Structures are given as C-alpha cells and as structure tokens.
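Colleague: I am new to this structure and would love a close look at a single part of it. Could you take me through its aromatic pairs, step by step?

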Amino acid sequence: MSIAAVTHKHVFGLKGDVANNITYLDEQTIIYPAGSNAILYNTENKTQKFIPTLERSEGMTVMAIGGVKRFLAIAERGEKPTCVIYDLHSLRRRKMLTLPDIESKARLGELQMSASHRHSKFLVTQTGAPDWTLHYWSWEKSKTFASVRTVNTPEKIAGQPAAAMLVTATSSQGASKENKEHLLGSIVYQVSINPTDSTQICCIGNGIFKLFRYQEGILKAVGTQKYDYKNFTAHTWTSDDRVIVGTEDSKIFVFESNGELKSEILHTHGTSQIPRSIHCIASFSKGFVVGCSGGMAALYERSEELATGGIAAAAAQISSGAAGGPGGQQGIARDLYRKSREYTLQDDAAKITNMAVSPSEDTLLCTTETCQIFSMSLANAEVKGEEAKFDPFAQPFHHGMITGMDTCIRKPLIVTCSSDKSIRVWNYLETSSELVKYFAEEAFSVAIHPSGLYILVGFSDKLRLMNLLIDDIRPFREFTIRGCRECRFSNGGQYFAAVHGNTIQIYSTWNFDNLGNLKGHNGKVRSIFWTADDSKIISAGVDGAIYDWSLRDLSGHAGFGIKREGESILKSCSYSCACATPDGKTIFAEIIDSQIVRELEADCVLTQVLLSHSGRMMFVGTASGAIRSMKFPLGSEPGEFQEHQGHSMAISKMRVSYDDQYLFSASEDGCLFIFRITDRDGRGMKRERDIVYADEILVTKSDLEEKNSMMAELKTRVEELKMENEYQLRLKDMNFNEKIKEVTEKFMQEIEALKITSTVLRTDKEKEETRHEEEMAEEKDRHSKELMELEMAHNAKLMAEYEKYQELQVKTAELQEQWEKQMLEMQSAKDQALEDLTRHFEVRLKEKQAEIDRLQEEMKRQLLEFEETTKETEQDADSEVLELKHRYERKLKEEREIVLRLKGENGIMRKKFNTLQGEIDAHKGEIAKMYNEEKKLHSVIKSLEKDIAGLKKEIQERDETIQDKEKRIYDLKKKNQELEKFKFVLDYKIKELKKQIEPREQDIQGMTQQIKEMDVELEHYHRANSDLDLTIADLKLKLKAAEKEVARERAKVNSGVALIRRFKVDLSETMQYIQEPKLLKTHLKKLYQKYCKESARDEDSMEVDIQQEYSRQREYLERTVASLRRKVSKDQMLHRSDNVRIMQENVTLIKEINQLRRDITGVKQKEHTAEMALKNLPPRSPSTVVPGEVTPGPMAATAPSEAVTATTR
C-alpha cells in the first residue's frame, strides 16, 4: 500500500477575476494566476513553475510584486482575509499577514507592494465591505504602522445594502446608472504606493480619489480638491511622480504628487472618436498605456518625447466647476501627453482588465475579462499607419466552465469542451494547443477516439461524431440524442456509449448501429466507465444507483447479450463519478459483488474519482479544486492521502494518460492542469514498455487537392519573383555603381577644398591665440587693481557697520530695561483690575440672586393667578400652560443638572449605538448570504428551465414517433390477418414433417451419449494434465532453490579466495618484521584479530540467518502451493457441472438448428410443387370457388415466404 506523488507540470488557463493578474519578473518570465496557483512562465523554454496558495483559501483576489521583483504578495479570501508574501527565488512562503480585528466577511480587495528601493519593506492592503480600511504594513515585522478608512460619507453608505457593495467592488461596470450614483464614495477599486516615495499612497474608487502620506505615525490626506462625482476606475504612477487616473466616462486626469490637477484628456478611439471607458493603466519611461472596453488600447507619450507629433489627444480646458477645484486653475497645460498609437484586440467585445510592460519596454502584455493573454511589441510604436493588432500570447484558454474532457491512447492529445461554446485539442507533451473550434451552441460532453482521429460531442439538439482534421473539426455523423451530458469511447474504439436522460445507448463506431440500450436508472446518468477489455460498463447516476452491465455479445440485435450483473442503490447519495479496477471486479465508491464493503468519510465534497490503468493508484477530485492522491488499496483510516492544490473551483473531469505518467484535471474555473505522476522518491512510474505515439492526421481529399494546387501556384509565383528580383537587383547594382563613382569624385573634390580651408583656419587660429593671450594679461592687471580698490572700500564700510552695531546693542539694553519696567507696571495693573472685576461681579451676583428670588415670588403669584384663570379658559390653553411651567422649571434646574444629564445620555447613546451597529453588521451579513442563495437558486432555475425545454422537445418527437409506430402496427395487423389464412396449410405440412423427424432424433440421442462418454475421458485427461503442471511447477521451484544454493556456495568460495589473497598480502607485510620480535608479535596479533575471530563470528551468524530465511521461504512456498492446489480442485469441481450443462445446451441447439434447416428445405420444395400445380390447373370462375378454399393472389404468393422468414427468426 502506497501513495503516488503528483507534481505540477503545466496549466492551460488564467484566473481572470484577480486584480493585477499579469506582471513581469524579468525579461523572460511572467507571473499570472491560474486556479489556486501563481504561475511563473518562462517565455523562452515554455516551462512553468508553481506557487500554491493556502490550503483552506477561498481564492486569490489580487497580486503584487515588489522588493526589486524579489517578493510576490498574494491576497486571499478565507475565514480571515490573508496576505501571503512569497520569495520568488526559492518559491517559498516568507511571511503571512492577517487582520484578526476585522469582520470575517471582509476581504482584502487590493494591495500594492513598494518596489522603489532595493530594501523596500512596506505593503499596503485595502479591505473590502463593510469596513473599507487601508492598512500600511511593515511586512517583515508583521506590523501595521497606520490604517485609515478610505470610503466617503458614512451616512450615504449606511443605507447601502452590503450585497450591492460586494458585487460592485468586483466590477466597476456591473451596476446600473442609478445604482452607481447611489454608490458614489462607497467603493474602492485600486490602491498603490508611489514607486519613488514609499510613504505616499494613492486610493481611487467610485467617487473616490485620495492621496495619503505616512507622517508622524498616521496616514494624512494630501491635497484639497474633491472629485466625488467621477467614477475613477484605474490609475498608475509615472517616473516623474505624477498620478495618471482614468474614469468610466473616458476621461484621463494627470495629477501632481501633491494632488494638484495638471491636465485632463478626453480619450477617444478611431476616426469616429468613440469614447471608451478606461479599465487599466500601465506606465513606462516615455508615458503610459490605457486599456479600455471593446478590446481597445492606446499609447500616450509626453509631448516633448514626440518628435513628429502623433495623434493629437483632445485636451479639455479645466474650469472651476468641471473639476470641482478652485477657479484659479485656468492656466493648466493642455498638451502634457499626446496619443501616439492605438491598438485593438482580435475580439472586439473583450474588455482589457490588466496590463504589464516588460523591463526593456519592448513588449506589452494585457489580460481580458475572457481570461485571455495578448501581447504587443512597443518597439515599433512610432510606425504610423493602420491600427496595430494584439497577438495571442502562447495559446488561447477557456473562459468558461470546462464541461467535458477526454484523453487519447495513440496520441498525446487531450480534448476539452467548455461553456464558452468552444472545443479545444491540447498536446500535453509539447504543452501547446493543437486545434480550437467555436460552435453556435454549447457542448455538454466530449470524447476522443483511441486513434485520435475522431471525437464525439454532445450538443443540446444532437450527438455528433466529428473528424479531427489537420486544421479543422468537421462533423460527419449525427445521432438523435438530446442534451448528452456524458459519452465515452470503448478502449478498443469499436463502440461508444452515450447518455440519453436516464438511458445509456451503445453504438458501433464503424456502422453506427444501435447495439443496445441500458435502462435501469431512475435519474440522470452522470458517469460511464468502460473496463479494460470492454466487456463491462459501470454507470452511476444522481438517483444514488451504480450498475454493473455485462456486454457479452454486441454483434446481434439491439439488447441481445447485455446483462446487468451487479447493482448498488443508495438513495441518500447522488453519485457524480464511478470507476473500476482493470479486471472490472471492484467498483469505486467501493462496491464489490453489489455490496458496499467500505465507506470512507471525507471532510469535503468529492466530485471525481479515478484509477490508473495499472490499477495501483487512485486519485480523487474535490469541490474545493484540490486533488487527493489516495493510499491504495484503500485503508480503514480516511486521512491516508496527499492533497495537492490545483483549481480554485470544483473539479469537473479527471483523466490519466494511457502510460500512467500524467494526470489531467479540468474544473469549473476554466483551467486544465497537467500533473506528472511519480513515486515517493520523485522517480517516474515504471513503464512495462515504451509507447510510440502515432503521427497520422486526417485530411480531406478536397483540402489536399486545394493545397497541392496552391503549392503549385506558389512555386510558379516564387520562380517569377526570383527572376524579377534578379533583374531588379542587376539594375540597382548598375545604378548604385554609377552613383558611387559620382559620390567618390564629389567627395574627393570636397576633401581637397576642406584641406585648403583647414590650413587657412589654422593660421587664423594661431593669430587669434596670440591676440587673446595679450588681452588676457591686460585684463588680469586691470582686475587686480579693481580688486584692491574694492577691498579698501569694503573695509571702510565694515568699520562703519561695526560702529552702528555697537550703538544698536546699547539701545537694545535700554529697551530691555524699559520693557521690564512696563511689564511690572502692567502686572500690578492687571492684579488691581482683577480685584475690581471680582468685586464688581460679586455685586452683580448678589443682584442676580435677589432678582432670582423676586422672580420666584413673582412666579408663585403668577401660578396662583394661572390656577384661577385655567378654570375659566378652554381646554386648548392647557398645553401652553404646561410648556410655560416646564420652561421656568428647566431654567431653575439647568445649572445644577445639565452635566449629570449629559453624561447619562452619553452613556445610554453609546450603548444604543453599539447595539445598533452590531444589528446593522448582522443584517448586512444576512443580506449577503441571502443574495448568494438567490444567485444559486437563479442558476438552478435556469438549468431546470433548460432541462424542461429539452424534455418538451423530446416529448414532442416521441409523440411523432408513436404515431408513426401506430400506423406501422395497423399495417402489420392487416398483414397478420392475411397470413392467418395460410396458417392451417402450414400446420398440416409441419405435422407431416414431424413424423419424418422422429427416427432421426433417436440417432441423435445415441450420438449425444457417445459425446458424454468422450467428455468424461476428456475431463480425466485434463485432471492428469493439471496434476502434471503442479508437479512441474514444484520441481521448477526446487530447481530455482538449488540454483540459488549453488550461487550462494560459489559466492562463499569467491569470498574465501579473496580472504586468502588478502591474508597473503598482510602476511607478506608482516614478514618484513621477522628480525624485530616485538613488532612481529603485534602484527601477528592484529592478523589473528582480523582474520580469525571476526570471520568465525560473522560466518556463524550468517549461516544461522541464511538457514532460517531458507526454511521460512520454503515453508511459505509449500503453504502457497498447497492452497493453490486446493483452489484448483475446488474450481474444477465447480466448473465441471457448468461445462456439462453448456455442452448439453449446445447439443440441443445444434439439433434444433439442423432440424429447422431441413424443415425449411422441405417447405420450399413443397411450396414449389404447389405453385407448379396451381399453374397447371384450369382457371375457375368466382362462383365455382369451394367454401374454405384459399383464393390465390399476390398476397397469397408472398405469404409463405414471409411466414418462413418469420419462423427462421
């Protein structure tokens, strides 16, 4: 029992919902996400390296590279949002950052790593709804320096449903216009760090543009302008510390690092000047590139960089109201950047989501929302002319759920179909795409023939058998099977099985006959598996049933030779996949002889199960996208497996290559993974024989003739072009030779003229140098004199200034004394004024107290008056009286109770706020859950509606077929009535023939008795042969044991010879000391210890071990031989009765067949004689027909032959 090791080899696919999902590591290596892995793809040797994410991660959200492209940061969803840092040199995890203090539903929406310095250690993470908090990290210390909330106006967000915020966070174009206006200021799309200043951060979103700077331990906002009315979708930093920001309404803003707006550009595309919403921006040394909707991109360069102008961009004048800034920005530069080139994708409907520029700035890579990668050369950006097109990078990928996959035996091919309506053929040895074909409708299932020349594809209306041509996929046969979700070719390729609802139909690959229908499932069949010898089919369905179908003979009529040998029904389980061992005796999920013998519980949903062709390895796919290599044969413990990270969603299909070297998996995330299967030591699995793959391809005759004719035309065209080019080259050579002669003569004349002018200029230069030296000497003398005069003047000024300084010092001392005196006087005056004010306010306080007392007395008096007046006034005045009463009471108690009351209210409001905040958060979580459940239910409803529509069409077709069959039944009933008229004639003839058969039956009985006696003798001979085989096997085993013993004795002899040789060498060395007794004694002791004691001890121990092992092996072999003999005898006893019964049945069948043949010949002869007699009879009139006689006619003439054919059937 062992577990096979699985290593990643290659992946076809891209995870398109990850922000910043394409970047360069160096000139030859790019990084992009696929499934739950980050891929390092080398563009030169086409190899990939894999960085798996965390095991329990719910998927990546964003990637960033930093630290001079040494570290990779990946944000992942999970129970807690996590940011993991990986070392790109060792491909190992370096650090993991978590935020335990935020809600579990919040996600890390964006992150950007500072790559400005060689030792940059800063990281920015942006969480999602509901908190939208920006964190500034020192990731090596796992420490948060500062955090700030990035969304605007909490009052607006409070009424926003959490589900809507989460949806719009992933797509800036996903909401309606009213919803976007409602979400202004509540969603963040992108954050980044200034590459030249790691303390400056930019944050954009729907109605959000903010610049932060890390100062004094906090993130402070930079700039005062507000742009709350714009939906900012992308931004980037330039090399000169500017921020380029793009909007949804096709505007490009250029900001300085302090938030000052420098320019606004209206981005349009093509000659029609159509605005395109901007989704990504990438910068380089000369400018930046913008990616837009509709598969459009544009290159902008600085105005000073453009030598020839380029395509002018419409630069709008910024007014105070348009940009929301102050009115003093009328002098903003108009043409800071100009558009120099436009690019388009092959797919006009695709949206460019991310871009990356190579380190040498020669290549531009971009990814689209359809999970494709395109490349474009920037080296020829100055070339003018028509629009440049992006080229596919490597090969195109699936951009939808992969619904079907299969592998070929004779070729290294994989075929897949997806919900993107495409079928693709991949070569897993060359890691390339062979064929891509798009169809008008989605393909539900696909299977490839073992020869690799045909594929079987299930569509919603029909099942189609197609040819794999050199450059196309063409259908050539259709079968009326609607919505086929599973189809498989047999291993030999002569049959194929297809699922039609809850029925499996088996067809012949070569004559397309329906050989049988397997009926038994009550629900839809989800899995079909052929055994290695194509003698059995294992089927599993959603009804919890697994059936084992035996296909004994498929050469007869439909259904003949098909038998259901085993079944297992577990209605509480819905099976999605089933497989079996190569001998077909064991089915997994483990079912043997229709009984569940072992059940292993898993901690997640298992979607696929797969056994290798050798039957020694098992692999399982999970709903989380991981692949488990199980310990096989299965043990009793459920945890005996190795898990490998692959996909980010549930695995839909798994296959293994015919030589068990590669494992393939496809998933709902649209990725196709190729794994290499090795043992635990990393070695490849042993092959019984090397597989030579076929290189044949299918080509239609018309295509071949067309290519041949085209080649002939091209050859003639090449010959013509060669002759024309040779003639043009000769003409050009003649012209160039004449021009070279003219140019050389011209240059020789100019050289002579230049020599003369150079001599003249040299003499002039010498004269000028002498004159310049004289003038320099004069100027030096004059400057020295002026310098002395200036020094004297400045010294005099300095002395005067020093005297002024002394006078000012005296004045300052006097002023200091005066100021101190004034301060003392002012202090005394202040104290006196304070005493006066206190006395004044004490008097005022007494007056106010007296006034309060007077007012209280007056209030009492007024209360008495008020009580008297209330009896006379109406009930409407009661409210006014109460208000006056409360007002005067509040005035009396206001000074005493206001502090206590406010404190109490503050505590109560804080408690209420905390409880309401908790309820709001809980409601937001419930709303998000309900929204997700609603999505799931909508998808289920859509799938059920599709199934209902398909079933309605099927019912309609079946009604039509039923009507046709009823008509056929009516016609057959008429024929049956006519045939019954001839029945009594044939019955009489049959009775006569039976009388003739009886003596022959007696002869047959005698022959059968003789056959039985011969069978008994044959069994005796078989038994004797089996006994002889056993004795021969026993003798062979004894012979092998004797040979091993002989080899062992020879080894002992060889070792003894070697020992003697070594002893002789050591003895000769010892003989050198024959004259020195002491040394001789020591060396002799060493020889004794070396050769006497150890050899004796080793030989004794070795002989005992060898004898024990020999006896144990002999006993084991004798026991196995005895058990095998007993099994053989039992099997002979069991099969003897079956052989006798089968022989008897064969004899009876042979007798019946011979008898029927004789009956047929006799009936034909009698029919012929009857026809001749009828022809010789004279014709009768209708009135003379005897009652009860059969009137001959056309039907009567043909009826006997039809009756005979019916009898033979």
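Modeller: Gladly! Let us begin with two tyrosines, keeping in mind that this is a predicted model. Tyr428 and Tyr662 are both buried. Their ring centres lie 5.4 Å apart and their planes meet at 55°, so the pair counts as tilted. Tyr428 sits in the loop between strand S36 (422-427) and strand S37 (432-438), while Tyr662 belongs to strand S59, so this pair ties together parts that are 234 residues apart in sequence. Strand S59 (662-667) is also among the elements that give two or more residues to the largest nonpolar core. That core has 41 residues, and Leu663 is one of those with the most contacts inside it.

Now for another pair, Phe1063 and Tyr1091. Here the ring centres are 5.3 Å apart and the planes stand at 85°, so the pair is edge-to-face. Phe1063 comes from helix H7 and Tyr1091 from helix H8 (residues 1077-1176), with their positions 28 residues apart in sequence. Phe1063 is partly exposed, its relative accessible area being 34%, whereas Tyr1091, at 9%, counts as buried. While we are at helix H7 (residues 983-1070), notice its bend of about 35° at Glu998, with Pro999 following within four residues.

To see these pairs in their setting, a search of the whole structure finds 31 aromatic pairs. Some rings gather in a group: one aromatic cluster is formed by Tyr454, Phe476, Phe479, Phe489, Phe496, Tyr507, Trp510 and Phe512. A ring can have a charged neighbour too, as Arg485 lies over the face of Phe444, 3.9 Å from the ring centre.

Definitions and conventions:
Residues numbered from 1 in each chain as written. Predicted model: local features only at pLDDT ≥ 70, side-chain atom pairs only at ≥ 80, totals over all residues. Heavy atoms only, no water. Core = buried A, V, L, I, M, F, W, Y, C linked by side-chain atoms within 4.5 Å. Buried < 20%, exposed > 50% of the residue type's maximum accessible area, 1.4 Å probe, protein only. Bend = angle between axes of the 7 residues up to and from the residue. Phe/Tyr/Trp six-rings, centres within 6.5 Å; stacked < 30°, edge-to-face > 60°. Lys NZ or Arg CZ within 6 Å of the ring centre and 35° of its normal.
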